[in-house]
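Reader: Could you walk me through this one before I set anything up? I'd like to begin with how the strands and helices connect.

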Amino acid sequence: MGQKKLLRFEAIKAFPNVLQYPANIAGLWKNHFSNENAITIELACGRGEYTVALAKLHPDRNFIGVDLKGNRLYIGAKISLEQQITNAAFLRTQIDKINTYFIMGEVAEIWITFPDPQLRNSKSWKRLTHPHFLRLYQQILSENGYIHLKTDSPELYEFTKLVINLYGLILHEENDHVHLHLNGHKELKIRTHYESLDIAGTNKVHYLKFSLPAGPLAEIDELLQERIKAYD
C-alpha cells in the first residue's frame with residue numbers, strides 16, 4: 001500500500017465526520033448530526049464529491065456518503081471539515097451490509113452515482129440496482145423514498161429500466177442525456193471527477209428516479225437472469 005494511502009487511512013481515524021464500521025448506529029444518526037433532518041445516502045460515493053455538493057445544495061438535510069475505500073472517503077471528508085459542512089458525513093463499510101446501519105424509514109433518499117456497472121452479465125447481481133440490493137434498500141428507505149441512479153453506462157441504464165419494469169417499481173423520472181435535458185434539476189448539474197473522464201466513452205449521462213413498492217419484491221431473479229442472457 002502506498003504511503004499516501006496509509007497516511008489517509010490514519011488521518012480519517014480522527015475525522016469526526018467519518019464512521020468506520022460503527023456499531024449500534026442504526027436509528028441514532030440524529031445524534032451524530034444533532035438534528036432530525038431527513039437523511040440521504042450516496043452509495044459507492046468514492047471521493048464523496050456528490051455527497052459534499054448535495055449537502056451544500058440542501059443545508060436543511062443530512063447526507064451520508066458510503067464507500068469501502070477509506071483513502072477515497074478521505075477527500076470528501078477533509079473538504080467537509082475544511083469548509084465546515086456539518087450536514088455531510090461518511091460511512092466506511094460494504095454496501096451489502098447497509099441495512100445494518102439504518103433502521104426502517106431512517107433514509108429518505110438514495111443516490112447511486114457512477115457505480116461500477118459490472119458489465120459481465122455473470123456479475124449482474126453486483127450491480128447496485130439489482131434486486132439483491134433493492135431488497136436491502138427496502139429495509140431502510142422511508143415510505144415513498146426515492147432512489148436516484150446517475151450513470152454513463154448505457155448497459156446499467158437499460159438494465160435498471162428492465163428491473164423497474166419486471167419488478168413493478170415506480171418510475172418517476174427518466175433522462176437518457178442529462179446534460180442535454182437538465183430540466184431545471186440542480187442536483188443533476190453536479191459533475192464529479194469521474195464524470196469528466198467519460199470512461200464509458202458515450203459522452204452521455206443517464207438518470208433514473210424511481211421508488212420501491214410497499215410489499216416484498218417478486219422472487220423472479222431467475223427470470224431476470226434469463227432476460228439478461230438474451231442480450232448476450
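Author: One term is needed beforehand: a crossover is right-handed if, with the strands pointing away from the viewer, the path from the first strand over the helix to the second runs clockwise. This is a predicted model, and in it E5, helix H5 (residues 131–138) and E6 form a β-α-β unit that is right-handed.

Reader: How many bridges join E5 to E6, and do they run parallel or antiparallel?

Author: Strand E6 covers residues 141–151 and is joined to E5 by 6 bridges, with the two strands running parallel. Within that pairing, Leu149 in E6 is the residue that stands opposite Ile112.

Reader: And which sense does the pairing of E5 with E2 take?

Author: E5 also pairs with strand E2 (residues 39–43) in the parallel sense, over 4 bridges, and there Thr40 has Glu109 of E5 as its bridge partner.

Reader: Why is E5 described as largely enclosed?

Author: Strand E5 spans residues 107–113, and 7 of its 7 residues are buried, so the rest of the structure largely encloses it.

Reader: Switching to H4, which of its residues are buried?

Author: They are Gly70, Asn71, Leu73, Tyr74, Gly76, Ala77 and Ser80. The elements covering them include helix H1 (3–12), helix H3 (49–57) and the strands E1 (18–20), E3 (62–67) and E4 (88–92).

Reader: What span does H4 reach, against what is expected?

Author: Helix H4 has 13 residues, 70–82, and from first C-alpha to last it reaches 18 Å, close to the expected 18 Å. Just after H4, Gln84 adopts a positive phi of about 55 degrees.

Technical notes:
Residues numbered from 1 in each chain as written. Predicted model: local features only at pLDDT ≥ 70, side-chain atom pairs only at ≥ 80, totals over all residues. Heavy atoms only, no water. Expected span 1.5 Å × (residues − 1). Buried < 20%, exposed > 50% of the residue type's maximum accessible area, 1.4 Å probe, protein only. Contact = heavy atoms within 4.5 Å. Pairing = 2+ DSSP bridges.
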